[in-house]
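Colleague: I should like to learn how to read a structure of this kind. May we go through it one feature at a time?

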Amino acid sequence: MSKEKILIIGANGQLGAELTRALRQIHGQENVIATDLHLPHDGYNYLPFEILDATDASKMSFLAERYRITQIYHLAAVFTNKGEVNPLKTWEINMNCLFNVMEVARVQKVKRVFFPSSIAVFGSNTPRIMTPQDTIRTPETVYGMSKVAGENWCSYYHNRYGTDVRSLRYPGVVDYQGQSRGSTADYALEMYHKAVKGEVFECFLNENTRLPFLFIDDAVRATLDLMDAPEKNIAIRSSYNVTGFSATPAELADSIRRVLPDFKMQYNPDERQKMADSWPESIDDMQAFKDWGWRPKYDLDKMTDKMIATLQKKYAPTL
Ligand SMILES: NC(=O)c1ccc[n+]([C@@H]2O[C@H](COP(=O)([O-])OP(=O)(O)OC[C@H]3O[C@@H](n4cnc5c(N)ncnc54)[C@H](O)[C@@H]3O)[C@@H](O)[C@H]2O)c1
């Protein structure tokens, strides 16, 4: 029987849903408590589930105590583009959620915490090719600012209180759900859905915008491997660079056309182009390899094959 009791905050999201599924397979359904602002679509199949707004410190503390939580995965955040609509509110939500998690961890001596950071911590003056682990982090969005501050607070809690908090800087994560979360890399997941449905895709970035990506299966594996690694191996207490591969919209389209030759797309760059232009093209994740053995399993074509096969099954009744 698993000794862990895991609290997932933001469990209905892209990463939360997959991590909840994976952690329940490892630790048992009853030992992984999913929480989010609303009930999940698949309702009670998802139990144990609790409604939790992560800005509510007392409810978070109550749930952690009630379930005797040993690990917290804190996935709730307001994303890049949505975040720019109301910058002060975004800062308040992203920071307060993290402070509540770190305080619950400190006070209740939670064994381990996961905080997801993002390549949005980098800005236009960061080296964009093979962006190093340790480099300039002066982002241009409030989302990126909240992730830089979050990384620093993770280091602080580790150094000051010994909190075993671990973090990854995810690049754009591509998965099967295809729901826009307000991330600039969302174009990639929308492209696969349109391709499988036989629709023309309109891309909001220009054809040569190179960005780093991570397929969802690799993102889940990276997270679980990091959280499983021996404490002495974790040299980085801000956040680890991780990546799968880098690609442009044109390269994604070519990869899709190997399987679906009739796929058509057009380019109509909007204001998100400027944001993407400030992000890294590729990421140096050697430190993650050295410390806990990180290696991606999916390159662009392998991801394309799995995305298309999965989405063809999903859309089969409607095609
Ligand atoms: N998916 C990516 O490409 C990516 C890339 C870099 C970083 N990240 C980070 O990973 C984390 C998870 O990303 P995701 O793609 O699963 O996001 P998502 O938007 O799909 O899911 C976030 C979930 O958090 C919930 N949430 C929002 N505010 C909340 C609050 N106040 N209290 C409780 N729950 C709340 C939402 O309802 C949602 O279900 C985020 O912190 C994000 O910044 C993701």
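Colleague: Let us begin with the ligand. How far is an oxygen atom of the ligand from a polar backbone atom of Gly13?

Modeller: Please keep in mind that this is a predicted model. For a polar contact, one looks for a pair of N or O atoms within 3.5 Å. Here the separation between a ligand oxygen and a polar backbone atom of Gly13 is 3.2 Å.

Colleague: Which distances apply to the side chains of Asp36 and Tyr143?

Modeller: For Asp36, an N or O atom of the side chain is 2.6 Å from an oxygen atom of the ligand. For Tyr143, the distance from a polar side-chain atom to a ligand oxygen is 2.5 Å.

Colleague: How much of the ligand does the protein bury?

Modeller: One compares the ligand taken alone with the ligand in its place. Alone, the ligand exposes 820 Å², and the protein buries 89% of that area. Helix H1 (14-27), strand E5 (112-118), helix H5 (142-161) and strand E7 (172-174) each give two or more residues to the shell.

Colleague: How many residues surround the ligand, and of which classes are they?

Modeller: The shell holds 26 residues, and the closest are Gln14, Leu15, Asp36, Ala54 and Tyr143. Sorted by class, 14 are nonpolar, 8 are polar and 4 are charged.

Colleague: How many cavities of 30 Å³ or more does a search of the whole structure find?

Modeller: A cavity is a space where a probe fits but cannot get out. The search finds 1 cavity of that size, and the largest cavity contains about 60 Å³ of space. Its lining includes His74, Asn94, Phe115 and Lys147. Helix H4 (87-107) and H5 each contribute two or more residues to this lining. By class, the lining has 5 nonpolar, 4 polar and 1 charged residues.

Colleague: In what order do the strands of the open sheet lie, and is their pairing parallel or antiparallel?

Modeller: Strands of a sheet pair through backbone hydrogen bonds, in either the parallel or the antiparallel sense. In this model, 7 strands form an open sheet in the order E3-E2-E1-E4-E5-E6-E10, with parallel pairing. Strand E3 (49-51) and strand E10 (240-241) are the edge strands, each pairing on one side only.

Colleague: Which residue of E3 is the bridge partner of Asp36?

Modeller: That partner is Ile51. Strand E2 (residues 32-36) and E3 pair in the parallel sense over 3 bridges. Asp36 thus links two of our topics: it has a bridge partner in E3, and its side chain has an N or O atom 2.6 Å from a ligand oxygen.

Key. Residues are numbered from 1 along each chain as its sequence is written. This is a predicted model: local features need pLDDT of at least 70, side-chain atom pairs count only at pLDDT 80 or more; totals for chains, interfaces and linings use all residues. Side-chain values use heavy atoms; hydrogens and water are left out. A residue is near a molecule or strand if one of its heavy atoms lies within 4 Å of it. A polar contact is a pair of N or O atoms within 3.5 Å; within protein, one must be able to donate a hydrogen and the other to accept it, and residues adjacent in sequence count only if both atoms are side-chain atoms. Accessible areas come from the Shrake-Rupley method with a 1.4 Å probe; for residues, only the protein chains shown count as cover. Helices (H or I, at least four residues) and strands (E, at least two) are DSSP runs, numbered from the N terminus. Ala, Val, Leu, Ile, Met, Phe, Trp, Tyr, Cys and Pro count as nonpolar, Asp, Glu, Lys and Arg as charged, and the others, Gly among them, as polar. On a 1 Å grid over the protein atoms alone, a cavity is a set of points where a 1.4 Å probe fits but cannot get out, and a pocket is an open set with protein on both sides within 12 Å along at least five of seven lines; lining residues have an atom within 4 Å of a point. Grid points are joined across faces, edges and corners, and a volume is the space filled by probe spheres set on the points. Two strands pair if DSSP finds at least two bridges between them.
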